[in-house]
Structure formats: C-alpha cells, structure tokens
Amino acid sequence: LLVFITFVNYSFAQVKNRIDSTRKKNMILNSTALGATSLSYFGLYNLWYKKYPQTSFHFFNDIQEWNYMDKVGHIYSSYQVARKSHLFLVKKNIENPIEKSCFYSLFFMLGIEVLDGFSEEWGFSNYDLLSNFVGNGIFYFQEKKFKRQLLKLKFSSHLSPYAIHRPNLLGKNISQRIFKDYNGQTYWLTFDFNNKIQESVKIFKYLNFSLGYSIDGFVGARNNNVPNCSKCNEITRQSQLLFSVDLDLSEIHTKNSMLELLLNSFSVIKFPAPTLILQDQSEFRWLYF
C-alpha cells in the first residue's frame with residue numbers, strides 16, 4: 001500500500017499542472033485510494049488467506065495469542081496508513097487531510113478484519129479493531145496538537161530460528177517469514193530529541209531514541225504444543241524490551257522529489273543500530289534489525 005501510494009504520488013505530481021478541474025482531481029484521488037486498497041487486499045489475501053478454508057462470518061477472541069504482538073502490529077499498521085495518507089492528501093491540498101486520512105486508515109483496516117471474519121483460521125477480532133483506533137489516535141492527537149509526529153511507530157524484522165518448526169504458520173520462505181514470524185519482528189516507538197538540542201547539535205535532527213517490543217520462542221500462538229516437534233515445549237517463551245537509536249530518513253530533504261519520496265517511504269522502517277535487549281538473559285547487539 002505504501003509503495004503504491006508513493007508511486008501514484010510521484011506520477012500525479014508530474015501531471016497535476018495539466019489538471020484544472022477539481023472534479024478530475026478528486027476522481028484521480030479516489031481512483032488512487034481504490035486502486036491502493038484493492039491491490040493491498042489482493043496481496044494480503046494471497047499471503048494470509050488463500051490456503052485456508054472460508055466459512056460464515058464469525059468473531060474470535062485472540063487477546064491471549066502471541067503476547068499482544070499482533071495487537072501492536074495493528075496499532076503500527078493503522079498509524080502508518082493514516083500518516084502516509086495524510087502526507088499524500090497534504091501534497092494535493094485536500095481539505096481536512098487529518099480527518100480524511102484517519103477515516104481511510106480505519107476503513108482500510110476494517111476491511112482486513114472482515115477478511116479475518118470469513119476465514120476459518122481466524123475471525124473478526126474486537127481487540128484488533130480497538131488497536132486500529134489506538135494507532136489512529138496516536139497519529140491524530142500529535143498532528144492536531146503539535147502539527148508533527150514527535151512519537152513515530154516503526155518496524156524491523158529479522159529471520160528467527162523457529163520458523164523451521166512450523167513453516168506453514170511462521171513462513172516457508174524469506175518474504176513470508178518477514179511478515180508471519182512474530183519472533184523476528186520488532187515494533188518501535190521512536191522519540192524525537194528536544195528541538196532546542198537540535199538547534200545546537202544538528203545530528204539530533206536525524207537521530208532518535210527508540211523503544212522496541214518483540215517476543216522470542218513462540219512456535220504457537222498460545223503454547224508450544226506443536227505436532228511432530230517434541231523439543232518445541234522446551235523452548236522458552238518470553239517477551240523482549242529493546243532500547244536503541246534510529247536514523248529518521250524523513251528529516252532528510254533533497255531537491256530531487258523522487259528521492260525524497262523514496263526516503264520518506266523507508267521511514268516506516270527502523271534503521272539497524274546498536275541495541276540493548278532486556279529479557280530473561282539480557283544481551284547487547286552492535287547491530288540489530
């Protein structure tokens with residue numbers, strides 16, 4: 001979705017001087033939203049739902065699964081869809097961009113819950129829906145109050161050693177494991193340093209402090225009782241709290257509009273950096289992603 005919006009954003013910038021009609025402009029914007037949404041749902045369906053049977057619409061209580069990692073993922077996703085949609089609307093001088101971007105984010109994430117609701121493997125989760133509102137609230141409050149995002153949500157992922165035990169659930173290849181294996185995922189809350197510090201030391205304009213959350217040792221959603229894996233029950237399930245720094249690429253401005261759009265698109269990802277990991281046996285890594 002983010003890649004698609006970035007591409008259309010750049011393409012639309014090339015032809016905007018030839019569009020004088022407000023109706024045509026709105027038509028292009030609506031077509032962009034529809035195309036981005038359809039393309040995203042198509043990708044999600046093939047990644048998550050295609051191999052699982054469909055059933056009648058139903059609800060599902062998943063609050064005790066994956067130590068809340070999937071809920072944090074919903075907060076992150078809804079935040080980023082709102083943030084990127086807002087940037088797109090601001091560049092096109094659309095009225096009420098904050099409200100419209102949040103509405104689109106909630107609508108987009110609601111569609112994912114509907115897909116869950118018709119999947120036999122999952123179901124419509126009220127807790128996911130609440131998480132979507134939290135992610136939008138983080139974006140909305142900061143944009144209304146400060147006109148900028150002092151707290152930004154970011155994502156990083158690496159390959160964990162647990163996917164081999166349940167490849168159907170945690171991913172069979174690299175691309176699937178990045179999005180399916182919660183053990184390799186980390187969600188970050190990055191903090192902008194004080195503006196007064198930035199005025200005296202310019203490096204702090206691009207360097208942020210990051211607080212991350214992840215899990216380790218989760219072969220199953222609720223437990224590690226996995227068929228054909230006698231050693232899985234011996235794996236320790238634990239949560240991780242991480243402390244690191246981050247490079248904020250969105251603060252890097254260039255005269256090349258395409259390069260700036262590319263840098264801004266990658267700002268959803270946490271930059272690899274030295275990291276302190278607090279868990280049962282805490283450790284420090286010089287480079288963590």
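## A walk through the predicted model

Serine 119 sits in the loop between helix H4 (97-117) and H5. Keep in mind as you look around that this is a predicted model. At 0% relative accessibility, serine 119 counts as buried. Setting aside residues up to four places away in sequence, serine 119 touches Tyr49, Tyr52, Pro53, Gln54, Thr55 and His58. Another residue to look at is cysteine 102, which is buried too, with a relative accessible area of 8%.

Now for the charged side chains. The structure holds nine salt bridges, and lysine 71 is a good place to start. Lysine 71 pairs with aspartate 62, with aspartate 70 and with aspartate 128. Here are those three pairs, with the N to O distance for each:

| Salt bridge | Closest N and O atoms |
|---|---|
| Aspartate 62 and lysine 71 | 3.0 Å |
| Aspartate 70 and lysine 71 | 2.6 Å |
| Lysine 71 and aspartate 128 | 2.9 Å |

What does the pair of lysine 71 and aspartate 128 tie together? Lysine 71 lies in helix H3 (residues 69-91) and aspartate 128 in helix H5 (residues 126-146), so this salt bridge links parts that are 57 residues apart in sequence. Through shared partners, salt bridges join Asp62, Asp70, Lys71 and Asp128 into one network.

Are these charged residues buried or exposed? Lysine 71 has 7% relative accessibility and counts as buried. As for the acids, aspartate 62 is buried with a relative accessible area of 6%, aspartate 70 is buried at 9%, and aspartate 128 is buried at 3%. Each of those values falls below the cut-off for buried, which is under 20% relative accessible area.

On to the greasy parts. The largest nonpolar core has 25 residues, and within this core Trp66, Met69, Tyr76, Phe139 and Ile215 touch the most other members. Which elements give two or more residues to this core? They are H3, H4 and strand E1 (151-157). H3 supplies the largest share, five residues, and H3 is also the helix that holds lysine 71.

Isoleucine 215 deserves a click of its own. Leaving out neighbours within four places in sequence, isoleucine 215 is in contact with Trp66, Asn67, Met69, Tyr182, Asn183, Gln238, Ser239 and Gln240. Trp66 and Met69 also appear among the core residues that touch the most other members. There is a second, separate core as well, made of seven residues, with Ala36, Val81, Met109 and Ile112 among them.

Next, the strands. Why call E1 largely enclosed by the rest of the structure? Six of the seven residues of E1 are buried, so the rest of the structure surrounds most of this strand. E1 runs antiparallel to strand E2 (residues 185-191), and seven bridges join the two. To find your way along the pairing, start from leucine 153, whose bridge partner in E2 is leucine 189. In a regular strand, side chains alternate between the two faces of the sheet.

Last stop, the cysteines. The count comes to one disulfide, and this bond joins cysteine 229 to cysteine 232, with an S to S distance of 1.9 Å. The torsion about the S-S bond of cysteine 229 and cysteine 232 is about 85 degrees, so the disulfide is right-handed. Both cysteine 229 and cysteine 232 are buried.

Definitions and conventions. Residues are numbered from 1 along each chain as its sequence is written. This is a predicted model: local features need pLDDT of at least 70, side-chain atom pairs count only at pLDDT 80 or more; totals for chains, interfaces and linings use all residues. Side-chain values use heavy atoms; hydrogens and water are left out. A salt bridge is a side-chain nitrogen of Lys or Arg within 4 Å of a carboxyl oxygen of Asp or Glu. Buried means under 20% relative accessible area, exposed over 50%, partly exposed in between (1.4 Å probe, protein chains only). Helices (H or I, at least four residues) and strands (E, at least two) are DSSP runs, numbered from the N terminus. Contact means heavy atoms within 4.5 Å. A nonpolar core is a set of buried Ala, Val, Leu, Ile, Met, Phe, Trp, Tyr and Cys residues joined through side-chain atoms within 4.5 Å. Two strands pair if DSSP finds at least two bridges between them. A disulfide is a pair of cysteine sulfur atoms within 2.5 Å.
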